[in-house]
Amino acid sequence: MAQRHHDLTDPAAGPVSTGDALAGYLRGQATEFLRALRLHRETGGAVPNGSSGGPAGGPASAQVRVDAVRALRRSARRISGSLHTFRPLLEPEWSEGIRPELAWLSGTLALEHAYGARLERLLLALNRLSGAAPVPSQPGGAAGPDPADRAAVHPATPDRGNLTVGAAKAGALLDRQLTLARTRAHSTALQALGSSRFHAVADKVAVLASEVPLTPTASRTDLRPLAGAAEERLADAVTALPLVTAGSPYNAEALIHGLSPDPAPHPQDAPWHQVRLLLRLHRYACEVVHGRNTRPDVRLLSAGEALDRHRDASEASSAAAQAARTPRIAPATAYALGVLHADQRHEVEAARYAFQRSWQKQTIGAP
């Protein structure tokens, strides 16, 4: 890592944060978790089959449920991540028991939104490539790569006449597959929220809101060395990334792998996904040590946004490749899906290039 933005290892860097700060952070996240759960239940979110039985079923109520689920996931991630980073300060049996359960809950609740966003991304890309619509913004309002970055890594648009023939059927195929996956994910989430497993997690979080099981010495232990270790793991993972390759405008190996008969995830993507997770853990550690009201590091935010786009494009390219392997589809449909896959792989390269540029920038005025 070229420059430290939050010096978590320097004893002279601000007041010492101890286990008491960790306890306060975890209590705060547990309280937010319980508040989101209450909102979700009040709007009928836990009722099976999407029925709500009254005024709770309006559009505003549906948006509240979506926001509540997002808040549940956010709190679960932060609690789980903090338990991982600062596990020497917590009772091992309790910590190791709840951490995987929170990861299960967060992952289960994320699937429905992920499938919906993936479908939207792919349909917008199909429209753009076939000339049916102007270039769209990223799904969910997220900012896309800088125009100069996109020009550096995006290929020329393929023959739109040939693409248009198969684009409609390709879109319909993706709609069927991803809508089915989203429906199943919705059912799975509802079942999870009504399960005894979830209630056990919620009970533990409720206890955490009032009592954090710290070790006897945690209240006198400085948190910065543990947070610094999380930063070091991130630095090592970034160092191992092929950042030189990320500045290249073309990655033929990525395209060839994705269209091969092998349905396994792309091997080039795994290290980048790991960096995304480690960056998230580092951010949570900074929140614990410096407080959530501390001005965020702009470079970390922009790097995180680039890695989010990388994940979205990677998963979208895999969905396009999987659809292209559907038996007995028309050649024009397969062609459209192949072009779509290539487009998303170039979006992957654009995100890597954006990460490289943001990570190597010098931060101005960082705390």
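pLDDT is the predictor's confidence in each residue, on a scale from 0 to 100. It's a good place to start here, since this is a predicted model. Averaged over the protein chain, pLDDT comes out at 82, with 75% of the residues reaching 70 or more. Confidence bottoms out in helix α4 (residues 147-153), where the mean is 37, and peaks in helix α7 (residues 224-239), where it is 96. Two further stretches deserve some caution. Over residues 9-13 the pLDDT stays under 50, and the model gives this stretch seven contacts beyond four places in sequence. Residues 362-367 also sit below 50, with twelve contacts in the model beyond near neighbours in sequence. Where pLDDT is low, the predicted coordinates shouldn't be read in detail.

Helix α7, the high point for confidence, also passes a simple length check. Its 16 residues, at 1.5 Å a residue, should span 22 Å, and the end C-alpha atoms are indeed 22 Å apart, so expectation and model agree. The buried residues of α7 are a mixed bag: Arg224 and Glu231 are on the list, along with Ala227, Gly228, Ala230, Leu234, Ala235, Ala237 and Val238. Some of these, such as Ala227 and Glu231, recur at a spacing of four along the helix. That spacing is worth a thought, because an α-helix has 3.6 residues a turn and residues three or four places apart therefore point the same way.

Moving on to the aromatic rings, the structure holds two aromatic pairs. In one of them, the ring centres of Trp272 and Phe355 are 5.8 Å apart and the planes meet at 80°; planes over 60 degrees apart count as edge-to-face, so this pair is edge-to-face. It ties together distant parts of the chain, with Trp272 in helix α10 (residues 270-290) and Phe355 in helix α12 (residues 331-359), 83 residues apart. Trp272 and Phe355 are both buried. In the other pair, Phe355 meets Trp359 with ring centres 5.5 Å apart and planes at 15°, so this one is stacked. Phe355 and Trp359 are four residues apart in α12, which means that about one helical turn separates them. Burial is just as clear for this pair: Phe355 counts as buried because its relative accessibility is 0%, and Trp359 does so at 4%. Taken together, the ring pairs link Trp272, Phe355 and Trp359 into a cluster.

Trp359 has another partner too, as Arg299 lies over its face, 4.2 Å from the ring centre. A similar arrangement turns up elsewhere, with Arg197 over the face of Trp104 at 4.0 Å from the ring centre. Arg299 also has a part in how helix α11 begins: Asp297 caps the N-terminal end of α11, with a side-chain oxygen 2.9 Å from the backbone nitrogen of Arg299. As for the length of α11 (residues 298-324), its 27 residues should span 39 Å at 1.5 Å a residue, and the end C-alpha atoms are 39 Å apart, so the two agree.

The loop between α11 and α12 is home to Arg328. Most residues other than glycine have a negative phi. Arg328, by contrast, has a positive phi, near 60°. Arg328 counts as exposed because its relative accessible area is 83%.

A few buried small residues show which parts of the chain come together. Ala36 lies in helix α1 (residues 19-42) and counts as buried, at 4% relative accessibility. Setting aside residues up to four places away in sequence, Ala36 touches Ala68, Ala71 and Leu72. Its C-alpha atom is 9.1 Å from that of Ser75, 39 residues away along the chain. Ala23 is also found in α1, and it is buried too, with a relative accessible area of 5%. Beyond its neighbours within four places in sequence, Ala23 is in contact with Val212 and Leu214. The C-alpha atoms of Ala23 and Ala209 are 9.3 Å apart in space, although 186 residues separate them in sequence. Lastly, Thr108 belongs to helix α3 (residues 92-130) and is buried, at 10% relative accessible area. Leaving out residues up to four places away, Thr108 touches Thr188, Ala189 and Ala192.

Terms used:
Residues are numbered from 1 along each chain as its sequence is written. Side-chain values use heavy atoms; hydrogens and water are left out. Helices (H or I, at least four residues) and strands (E, at least two) are DSSP runs, numbered from the N terminus. The expected span of a helix is 1.5 Å times one less than its number of residues. A polar contact is a pair of N or O atoms within 3.5 Å; within protein, one must be able to donate a hydrogen and the other to accept it, and residues adjacent in sequence count only if both atoms are side-chain atoms. Buried means under 20% relative accessible area, exposed over 50%, partly exposed in between (1.4 Å probe, protein chains only). Contact means heavy atoms within 4.5 Å. Rings of Phe, Tyr and Trp (its six-membered ring) pair if their centres lie within 6.5 Å; planes under 30 degrees apart count as stacked, over 60 as edge-to-face and the rest as tilted. A charge sits over a ring if NZ of Lys or CZ of Arg is within 6 Å of the ring centre and within 35 degrees of the ring normal.
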